[in-house]
Amino acid sequence: MSARRAPTGGRTPALLGVLAVVAALVAASHAGHGFAPSVRVATAPVAGPTLPPVAAISSSWFCAEGTAVAGGRADETVIVANLGGRSVTATIAVTSGDRPVASQRFSVAAAAQLRVDVASLTSAAEPGVVVEVLGGPVVVEHEVRHGARAAVGPCARQASSDWYFAAGATGPGTEDWLALFNPFGDDAIVDVTFLTASGVQAPGQTQAIDVPRRSRVSLPLHQLVPDQSSLALHVHARTGRVAAEQSLIFDGTNGVTGIATTLGATGTSATWRVPTGDAETGTTATLVLANFGPAGTRVDVHLALDSRATLPTMHVAVPSMSVETLPLSAIPTGGGYAVTLSTPRARPVVAQLLEVWAPPAPIVGVTATLGSTATAARWAFATGRVTAAGDAQLVAFNPSRRTRTVRVLAGAAGGLGRIATATVAPGQRVVVPLAAGVGPNQVLVLSADGPVAAGRLVLGPSPSASSGVPALP
């Protein structure tokens, strides 16, 4: 029997359809290689997680950065803090190489904290950590340690197709690591684009990165995009979603030593606030502004000083697809400050505050604090300190025109007890030092009678700074 021949008239549409599919696949394979502006303007907040509501049945947290192997760059300890009035169950699962390698269930008492060294669960050079919590308002942070230096900050409560960072660096003596964690059952394909002082870069090694399901991939940006004093980056997943976190490690070259870890922002914003600025002797600060948008913008920067002295608003022009740095050298030595920035016509940017402590400062280290895009009446912190020694503080900045009353609560004996009360004037910030009796094993809550922006600044033995985790309606 001879084969039946299809009618000639049916070939052309079919062939065109095949060609269209091939063209679409080719276009998709090249997506992300160009330098076209790409901005995801997300609803607030775009920086950091939010606190699960009291009635939450469960919550998931994703910790991207950290190592669990001898000689790793950032030894990781997961910190689970229960703010509720009853115990909750937390399951900590470590995945590596497309499979879970360890999982353990814990009970966390009311108003108590659980600390788990990831290396105690498994040995893995590229661990991705998922924390699943049943019930109640819980905040999950993690501490990463490089030698004697440590940093602490929140894990993510969501994965996203887009992540933004402003304050990367790959100059002499600096390691810049980008951790991409895919906690889901499908693979992710990721492109990373960089804004540098000399223009936009998208090296081939940072395009079409395969992040397999339930695995983590770390990129050594200091090798891929070397010798950059300013390095902003946009992580975009063509397919799938990831959690992204960045670590900067300084080895002492040029007098800078320490580790700073930052969870990225899932979008850009026209307003950012950093309440945790420090201006003690030996401290230098630089505000880093990244514009991933299609048009240039002006950024208006206002500083609220603890001394109540006033400084004129600074104006910074940030062209499209560029990164600009603003040294905060005009700040008088002594005390601290909060940074507020906004852009006219709501053209969004990303902002981070890079602070360096070096002699004659009493401590040595670095922080790279992503600004906050939210205000709230309640903020949570899984811990207030890295160790029992050294100074630490919670800070609240009041952006409103009304005086606010702030209370700080600490977990103890199955409940949250008040340890301090303060007032904060309009447009100012208030610092609540954590007394020596407040240990690293206590959960903290900062509450106010109106919306504020809140953060934590650890000043010893090595500095660490981050925003708190807000409770939003």
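Which residues lie nearest the centre of the largest cavity? I began with this question, working on a predicted model.

**Entry 1. The largest cavity**

I found P154, L263, L370, S466 and S467 nearest the centre, out of 21 residues that line the largest cavity. I then looked up the elements behind this lining: β8 (149–154), β17 (257–263), β25 (365–370) and β32 (463–467) each give two or more residues. The space inside comes to about 230 Å³. Sorting the lining by class, I noted 10 nonpolar residues, 10 polar residues and one charged residue.

**Entry 2. The other cavities**

I searched the whole structure and obtained three cavities of 30 Å³ or more. The second largest cavity holds about 50 Å³ of space. Which elements supply at least two residues of its lining? I read off β8, β17, β25 and β32, the elements I had also recorded for the largest cavity. For the second largest cavity I listed the lining in full: A151, V152, I259, A260, T261, V366, T367, A368, P463, S464 and A465. By class, eight of these residues are nonpolar and three are polar, with no charged residue.

**Entry 3. The largest pocket**

I turned next to open space. The largest pocket contains about 400 Å³. I counted 22 residues in its lining, and those nearest its centre are A169, S229, F250, L354 and V356. Two or more lining residues come from each of β9 (162–168), β19 (283–291) and β24 (350–357). Which element gives the most to this lining? I found that β19 does, with four residues. The class count is 11 nonpolar and 11 polar, and I noted no charged residues in the lining of the largest pocket.

**Entry 4. Nonpolar cores**

In soluble globular proteins, nonpolar side chains tend to be buried together. I therefore looked for nonpolar cores with that tendency in mind. The largest nonpolar core has 37 residues. Within this core, I recorded V78, V80, I92, V129, V131, V139 and V140 as the residues with the most contacts. I followed V140 further: leaving aside neighbours within four places in sequence, V140 is in contact with W61, C63, V78, I79, V80, V131, P154 and C155. P154 had already appeared in my notes, as one of the residues nearest the centre of the largest cavity. Apart from the largest core I found another, of 36 residues, including Y164, F292, V323 and L353.

**Entry 5. P212**

Where does P212 lie? I placed P212 in the loop between β13 (209–211) and β14 (215–220). Its relative accessibility is 25%, so I entered P212 as partly exposed. Leaving aside neighbours within four places in sequence, I listed N182, D187 and V217 as the contacts of P212. I also took the C-alpha separation between P212 and A188, which is 6.2 Å across 24 residues along the chain.

**Entry 6. The whole chain**

I closed with the overall figures. The secondary structure of the protein chain comes to two helices and 33 strands. Along the principal axes, I read a span of about 90 × 50 × 45 Å for the C-alpha trace. I compared the radius of gyration, 23 Å, with the value near 23 Å for a compact globule of 473 residues, and the two agree. Of the 473 residues, 57% count as buried. Among contacts between residues at least 6 apart in sequence, I noted that 79% join residues at least 24 apart.

Conventions: Residues are numbered from 1 along each chain as its sequence is written. This is a predicted model: local features need pLDDT of at least 70, side-chain atom pairs count only at pLDDT 80 or more; totals for chains, interfaces and linings use all residues. Side-chain values use heavy atoms; hydrogens and water are left out. On a 1 Å grid over the protein atoms alone, a cavity is a set of points where a 1.4 Å probe fits but cannot get out, and a pocket is an open set with protein on both sides within 12 Å along at least five of seven lines; lining residues have an atom within 4 Å of a point. Grid points are joined across faces, edges and corners, and a volume is the space filled by probe spheres set on the points. Ala, Val, Leu, Ile, Met, Phe, Trp, Tyr, Cys and Pro count as nonpolar, Asp, Glu, Lys and Arg as charged, and the others, Gly among them, as polar. A nonpolar core is a set of buried Ala, Val, Leu, Ile, Met, Phe, Trp, Tyr and Cys residues joined through side-chain atoms within 4.5 Å. Buried means under 20% relative accessible area, exposed over 50%, partly exposed in between (1.4 Å probe, protein chains only). Contact means heavy atoms within 4.5 Å. The radius of gyration is taken over C-alpha atoms; the globule rule is 2.2 Å times the number of residues to the power 0.38.
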